[in-house]
Amino acid sequence: MPSKTQIGYLLRESFAGFARRKLTTGVTILIMGSALLILALFTIVTLNLGSLLETARGGIDLRVFLHEELGAQREAELQPRLVVIPGVQSVAYISKDMALRELQAQLGDEVDIMTAVDTNPLPPSYQVTLSPDARTAAAVERIEQEILLWPEVQEVVYAQRWVEVLERWNSVFRLASLIVSLVVFAAAVFVISNTVKLTMASQARLIEIMKLVGATNWFIRTPYLCEGMLQGLLAGVIAMGILAGTYSLLRSQMDGLVFFTPWQMVGFVLLCISLGLVGSWAAIRKYLRT
Amino acid sequence: MKFDSKINKGPLDLRTVIGFFHTHLLYRDHAALTDVSFTVANGEFVCLTGPSGAGKSSILRLITMDLLPTEGQVIVRGMVSTNMNRRRIPLLRREIGYVFQDFRLLEDRDVYQNVQFAQVVVGISSKQMKNNVMRLLTQVGLWDKRHRLPHQLSGGEQQRVAIARAMVNSPKILLADEPTGNLDPVVAQEIIDLLFRINTGGTCVVFSTHDHEIVKNFGQRVIVIENGRITSDEEHKTAASTAHRLADRMYRPSAPQPAAVRVQEGSERA
C-alpha cells in the first residue's frame, strides 16, 4: 500500500507533465482528439445508416396488385399461396374500396375522390409483410420474381432501389469505420507514447535517482501511466463534446438522427482512456528495462 | 540447479554485508571483471582503487544489483544474485546509499526537496520525513541553505547534499563513486572526513577512486583493481593514521557525534 506522501507525490507528478510541457501536451490532445473525432464520426454515420436501413427495411413490404376481373373467389385463392412463400410473414387483402378509402385518407379533405370519379380505378391488392430476415434487397427481389410469374398478378411494387443503395453504403461505411478505427487506434497510441517518451526523457535524471533510492517500478511508472490516461480522457471528451454539439445543432433540422446513448458515450471515453494507457505503457516499457 | 563450484555454498560470516565469490562480468562482450572475490564486513571502510575503466564502477553496480554477474555470485545484505526475486531489488537499494562524482542532484528542486525526494519514494510519513531531512541537513551543515537550488551551491556543498540524500533512508551501505573527483583537495578532505564520520556511525562505506595516493593515507583497507582483476587487497593501517583517526573520533567536540549519524532502527521506516 502506498503511503499518504507517496499518493500525494504520484498525483502531483501525474499532472506535472501537463504543466511543464503545455504546448506538447496540448498539441497531443488536439491531434488525438481530432483522430478520435473522425473515428466517432464514422461510427455515427454507420449507426445512422444502419438505423435508416432498418427503417427502410421495415417499410419494404410488397404490394401485389391484381388484375381487375379476377373475381372474389380467385382473389381469395391467392392468399394461401402467398403465405407459403418463404420469407413472407403475413398477407392482408386490400379490396378496391379499401384502396380508395386509403387514397382518400392520404389526399385529405380537399379533394373528394368519391365524387370526382364515378368508377373506382384502383385495383385490388395484397399487402405482403416480410419476415425480418427477408428484408434485404436480394430476398425481396426473389419473392417479387416468383409472384410476378403468376397470371393473376398485374404488378408488384416496393422500394427496391432505395434499399439496394442503402445496403451498399452501409457495408462500405462499416468497412471504412473498421479501417479508420484501426488507423486511429494506432495513431492515438503512437502520439501518446511519443509525448510520454518526451516526458520521460526530460526526467531521465529523476527516474535514475528513483531507481537508485529504491523506488519500485510501479512507483516510477504510475505518474506516466496517469499522464497518458489523462491525455486520452481529455482527447476523448473533446471529440465527444464537438460531436455532441454538432448533433444538437443538426437534430432540429434532420429527423430521426441517431446519436450515441449515454452509455456508448461513456464507453467511447473509456476507450480513449485505455488508448492513452496503452500508449504510455509502450513508452515506459523501453525505459524501465534495467 | 546444477552444481557450480564457483558459487558460495557454505554459511556466510554473519558480519558480511557484501560478498563477491568468483564473480565474472561480461559487459558489452568485453570482460569487465574476471574472477573477483572479496567480502566486506558490516561497518567496514573499504577503498576501491585502480585506473579508470579497471572495473570499479562495475563492482559498485553489481552491489546495487543494477548489473548481475555473468558467472559467480554476489551477495549483498543477504540477497543472492544467483537466486533472487528481481522485484525485491528496490528493497535492497533502500539499504544502499549511492554518491557520485557528478553529484546527480535534481536541478529543479532545492536542497530540502532533493533530500526529501529519496524519502517520498520510499513512502515515509511526512512528519518522520521532515525530522529526517532536518537531521541529515544539519549533520552535513546545510540546513541554512535548504532553500537554495543545486546550481547556487559550491561543488563541495552539492556533494554534501548528495550524501545527505544517500543517508536519509539510513542505509547499511554507502557507495561513493569518485566522490571527490570534481573537488579541490581541501573540499575533498571535508567530504572524506564526512564519509569517515558516517562510517564511525556504523554504516559500511565503499569508497571508489582512481587516486591511489589519497587512499594510502586513510589507514583503511584498500582493494586495488586493474583490468578487471583484484591485484591487491590489504589493510593500510599505519600507526600514524590509526592514532589520528582515534584522536579524531574522540576529541572533536565540534563534529557531530558519530552516534547521531546512526539512525535508530525500526522507527525510521513507515
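In which helix of chain A is Glu13(A) found? Select Glu13(A) in this predicted model, and the surrounding element turns out to be helix α1 of chain A, which spans residues 4–20.

With Glu13(A) still selected, turn on the surface: this residue has a relative accessibility of 10% and therefore counts as buried, the cut-off being under 20%. Next, display what Glu13(A) touches, leaving aside residues up to four places away in sequence: the contacts are Arg20(A), Gln203(A), Leu206(A) and Pro223(A), together with Arg109(B) from chain B. Add Cys226(A) to the selection as well, since its C-alpha atom is separated from that of Glu13(A) by 9.0 Å, although the two residues are 213 residues apart along the chain.

From Leu206(A), one of the residues touched by Glu13(A), move on to the pair of helices α8 (residues 204–212) and α9 (residues 217–250) of chain A, which pack at an angle of about 150° with their axes 10 Å apart. Because that angle is over 145°, α8(A) and α9(A) are roughly antiparallel to each other. Show the side chains here: Leu206(A), Ile207(A), Met210(A) and Lys211(A) from α8(A) meet Phe219(A), Ile220(A) and Tyr224(A) from α9(A). The residues of this contact divide into six nonpolar, no polar and one charged.

Finally, zoom out and colour chain A by domain, with domain 1 covering 4–55 + 165–284 and domain 2 covering 60–158. The C-alpha centres of domain 1 and domain 2 of chain A lie 53 Å apart.

Definitions and conventions. Residues numbered from 1 in each chain as written. Chains lettered and ligands numbered in written order. Predicted model: local features only at pLDDT ≥ 70, side-chain atom pairs only at ≥ 80, totals over all residues. Heavy atoms only, no water. Axes fitted to C-alpha atoms, helices over the stretch in contact; angles between N-to-C directions. Helix = DSSP H or I, 4+ residues; strand = E, 2+ residues; numbered from the N terminus. Parallel < 35°, antiparallel > 145°, perpendicular 65-115°, else oblique. Contact = heavy atoms within 4.5 Å. Nonpolar A, V, L, I, M, F, W, Y, C, P; charged D, E, K, R; others polar. Domains from an automatic or database assignment. Buried < 20%, exposed > 50% of the residue type's maximum accessible area, 1.4 Å probe, protein only.
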